[in-house]
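Grab a pencil and work through these exercises one at a time. Try each task yourself before you read its solution.

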Amino acid sequence: MSDAVKTYGWEAKPRDPSVILAGKKNIKDPKPQTVASIKLPDSTLAAAVLKYAATELSTATFNHSMRVFYYGKAIHIQQFPEWQFTEETYLLACLLHDIGTTDKNISATKMSFEYYGGMLALDLLSKELHAPIEQAESVAEAVFRHQDIGETGMITTIGQLLQLATIFDNMGEHKDLVHEDTIKDVTARYPRNKWSSCFAATIRKENGLKPWAHTTTLGEDDFPNGVQNNKLMQPYD
């Protein structure tokens with residue numbers, strides 16, 4: 001396996017979470033994991049993308065992106081410690097995965113938000129910030145496919161972790177991968193502020209603007225309704 005495959009999280013993983021979990025609810029019972037215990041990458045590249053995301057995203061979406069980073073790292077550390085990638089690469093994917101949902105960007109194209117967002121991420125990282133192309137492409141691939149939920153085929157390591165963490169925060173799925181105290185600590189630092197209704201409205205907005213959107217594959221009504229009725233996160237909304 002090449003260094004770039006390991007470094008930037010390209011290793012193929014089954015797309016079906018039940019396969020990587022061997023049909024169980026988790027690999028290990030989760031333990032509390034605090035924000036303070038997970039070091040945020042502080043490279044020049046990470047700082048630049050953090051600043052970009054904080055500027056371009058709404059506060060609600062930025063907080064969601066940070067929660068996805070910390071939930072994903074908790075899952076990585078406790079459930080899949082053998083998965084290889086740099087924390088910087090995963091952070092970039094988290095910060096940019098919803099860049100296509102901003103009011104400006106969702107109206108700028110007829111493309112589904114994940115695909116347009118992946119293109120924006122690739123351009124930002126490779127052309128403006130001069131990240132290694134293998135890293136920029138890994139982030140873009142994860143952004144393209146972060147709602148490509150399914151039971152067949154494969155996905156990158158970064159892509160699978162991003163899927164697990166986003167559907168955990170958005171729908172409360174795979175609730176046995178993250179300890180309740182971790183949720184309390186992460187939401188205290190990055191509040192949800194009615195994220196469930198906020199993101200459900202974004203889904204409905206895109207589906208109204210683009211009835212062909214990729215999001216519709218998750219259920220034109222089932223997906224936004226599932227997000228809005230996220231019972232796991234209701235106490236924190």
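**Exercise 1.** Is Y70 buried or exposed?

*Solution.* Keep in mind that this is a predicted model. Start with the number: Y70 has a relative accessible area of 4%. Now bring in the cut-off: buried means under 20%. So Y70 counts as buried. Try F69 the same way: its relative accessibility is 0%, so F69 is buried too.

**Exercise 2.** Work out what kind of aromatic pair F69 and Y70 make.

*Solution.* You need two values here, because a pair of aromatic rings is described by the distance of the centres and the angle of the planes. First, the ring centres of F69 and Y70 are 5.0 Å apart. Next, their planes stand at 80 degrees. Planes over 60 degrees apart count as edge-to-face, so that's the label for F69 and Y70.

Now have a go at F85 and Y90: their centres are 6.0 Å apart and the planes make 55 degrees, which gives a tilted pair. Both F85 and Y90 are buried.

Finally, put the pieces together: F69, Y70, F85 and Y90 join Y190 in one aromatic cluster. Y190 has a charged visitor as well, since the charged end of R189 sits over its ring, 4.4 Å from the centre.

**Exercise 3.** Which parts does the salt bridge between K104 and E56 tie together?

*Solution.* Begin with the bridge itself: the side chains of K104 and E56 meet at 3.2 Å, N to O. Then find each partner: K104 is in helix α6 (residues 103-106), while E56 is in helix α3 (residues 44-56). The pair therefore links parts that are 48 residues apart in sequence. As for accessibility, K104 is exposed at 55%, and E56 is partly exposed at 28%.

**Exercise 4.** Describe where H146 sits and what surrounds it.

*Solution.* Step one is the location: H146 belongs to the loop between α8 (133-145) and β2 (154-156). Step two is accessibility: with a relative accessible area of 3%, H146 is buried. Step three is contacts: beyond its neighbours within four places in sequence, H146 touches several residues, including H97, F113 and L162. Its side chain also reaches the backbone oxygen of V143 at 2.8 Å.

**Exercise 5.** How many of the 15 residues of α9 are buried?

*Solution.* The count is 14, so α9 is largely enclosed by the rest of the structure. To finish, look just past the helix: G172 follows α9, and its phi is positive, near 75 degrees.

Key. Residues are numbered from 1 along each chain as its sequence is written. This is a predicted model: local features need pLDDT of at least 70, side-chain atom pairs count only at pLDDT 80 or more; totals for chains, interfaces and linings use all residues. Side-chain values use heavy atoms; hydrogens and water are left out. Helices (H or I, at least four residues) and strands (E, at least two) are DSSP runs, numbered from the N terminus. Buried means under 20% relative accessible area, exposed over 50%, partly exposed in between (1.4 Å probe, protein chains only). A polar contact is a pair of N or O atoms within 3.5 Å; within protein, one must be able to donate a hydrogen and the other to accept it, and residues adjacent in sequence count only if both atoms are side-chain atoms. Contact means heavy atoms within 4.5 Å. Rings of Phe, Tyr and Trp (its six-membered ring) pair if their centres lie within 6.5 Å; planes under 30 degrees apart count as stacked, over 60 as edge-to-face and the rest as tilted. A charge sits over a ring if NZ of Lys or CZ of Arg is within 6 Å of the ring centre and within 35 degrees of the ring normal. A salt bridge is a side-chain nitrogen of Lys or Arg within 4 Å of a carboxyl oxygen of Asp or Glu.
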